[in-house]
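Student: I've got a structure open and I'd like to learn how to read where its parts touch. Can you walk me through it?

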Amino acid sequence: MSEEKFDPVIVGFFCNWCTSAAADLAGTARLHYPASIKPIRVMCSSTVDPVYLIRALQEGADATILGGCHPGDCHYITGNYKARRRVAIVKTVLKSLGFDDTRVLLEWISGSEGPKFARVMNEYTDYIKQRGPSDFKYLDSLGGEEVE
Amino acid sequence: MNENEILKKFIKDAFDKGLIEAVMAPSATKDSYTYALITKKEDVDKLTPIAPVMQWNGADMIRRITRLKKSERKLLAILRPCESRTYKELVKFNQINPENIIVLSYDCPGTVHARNFKYEPTSAEDLLAEMKKGNISKKVRESCQVCEYPTPIKGVGDIGFGIVNTDEPVFFSLSDNGKEFLASIGIQEGERDDSQWVKIHRENREKWLKEERITGGRKGLEDFLSSCLNCHNCKDMCPICFCKECFFEDHSVFDYESNKYYNWADDKDGIRLPTDKSLFHIGRLIHMGTSCVGCGLCQQACPMDIPLYRLFGIVGNDLQKVFDYKPGINDDIPPVMDFREDELHEFEGLFGGEE
């Protein structure tokens, strides 16, 4: 598979009140963002247990995005602060075991930031395209390339 | 009089003075030592307060006793330093009600692996003798060799029992309750210098943190866990894994239709069964890693002798550094229960929060 043809799968967990609204706004404003992003609407960024992020990577996602409201703007007052701690935990675990921790992304995108939503999705997809397919999906399988 | 005799006399005195109504301490069984709860003075001789084996974490036993209601009797619990840190951590997690409980902790010589002990018994006196010479015995478990806090700490537990670097063991208080307790029992508080004993452990630990780290991502983790039976013993023995309903025991999450398995096998060029073995360990790390106290019971419980403490201890150490948190040694709130409004910006966005 050549570099150009690699079409990553990126699972996005977007909070109902901010990032999902921004996704709608980007849509109504006809801003383009890649079809690689597979959005999942969750009620709050803090409802996403870090295990779900790991699970998505293991099921074949090349990267995951957790999108929430800006700090201080959470619909449930403090949800996004908790989400940030959880992402910090999952990124640290991945990094300290030698996995690529940039495959988990935390972004604050408010309901009015349609253009920012499109820009972040484009930038991140480009970044993941450069990094290539994720190795994580082959955890506990017989496939995947031999890593030295 | 050896250390165990002194502690037994201490317990009897406390019973006589009416300061306590129950004691929890290790007691010998045929091949090992188990925790015992006694309520009468004449049963004290059945105890071995300083045991050479730690089969369970004592704080986990106190959690069971106080799970429904506070302790109805005054309980003296004799815990190792790692167990008293667990005790403190579980109090913070609202799993133990500390009311009516007095914790006594001592300078720990380390413990032998429970299985090794079964085939090559050692006495606590051997380990203590080795400790008094200033050596960490080669027989003790890996987690004991690299223990970060092998001695009682001020504020964790109530009473300390000093053995290293002193001719006669000394008692000292770690809290106001302990001070009162020692005063009413009529014991003069003593002092001893434990810095050397702590120092040799910390040196071991620094070396261990560098050398035993699991690296290499997927291959590294797969190789490390290659003999794992997926028995979940490490989770059952972990005192921090106290959830009644564990995510990883929930079969509605981990039951799939046959096509799911076939699709996986298609996608991934063959899958290993049972599935989700590594997910269990990574998930557990995420859930309890920030509060890992380093008792090493996960490693002792592993039937396949996987050195699991290298996984949970080293990654846990990294996690605790991120939050600047040390489990069980002070009153800081555990990271998973707390947050700050202005923190951790390096984990936001792709390039550390910089636009």
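Tutor: Sure! Keep in mind that this is a predicted model. Let's begin with the place where the two chains meet: 40 residues of chain A are in contact with 38 residues of chain B.

Student: What counts as being in contact here?

Tutor: Two residues are in contact if their C-beta atoms, placed from the backbone, lie within 7 Å.

Student: Which elements of chain A give two or more residues to the side that touches chain B?

Tutor: You'll find helix H2 (50–58), helix H3 (79–96), strand E4 (104–108) and helix H4 (114–131) of chain A there. The largest share comes from H3(A), with 12 residues.

Student: And how does that side of chain A divide by class?

Tutor: There are 22 nonpolar residues, along with nine polar and nine charged ones.

Student: Now chain B. Which domains is it divided into?

Tutor: Domain 1 of chain B covers 3–210, and domain 2 covers 214–343. Taken over C-alpha atoms, their centres are 28 Å apart.

Student: How many residues of each domain are in contact with the other?

Tutor: In chain B, 27 residues of domain 1 are in contact with 22 residues of domain 2. On the domain 1 side, the elements giving two or more residues are helix H2 (58–65), helix H3 (81–92) and helix H6 (142–145) of chain B.

Student: Which of them gives the most?

Tutor: That's H3(B), with eight residues. By class, the side of domain 1 of chain B that touches domain 2 has 11 nonpolar, six polar and 10 charged residues.

Note on methods:
Residues are numbered from 1 along each chain as its sequence is written. Chains are lettered from A and ligands numbered from 1 in the order in which they are written. This is a predicted model: local features need pLDDT of at least 70, side-chain atom pairs count only at pLDDT 80 or more; totals for chains, interfaces and linings use all residues. Helices (H or I, at least four residues) and strands (E, at least two) are DSSP runs, numbered from the N terminus. Ala, Val, Leu, Ile, Met, Phe, Trp, Tyr, Cys and Pro count as nonpolar, Asp, Glu, Lys and Arg as charged, and the others, Gly among them, as polar. Domain bounds come from an automatic or database domain assignment.
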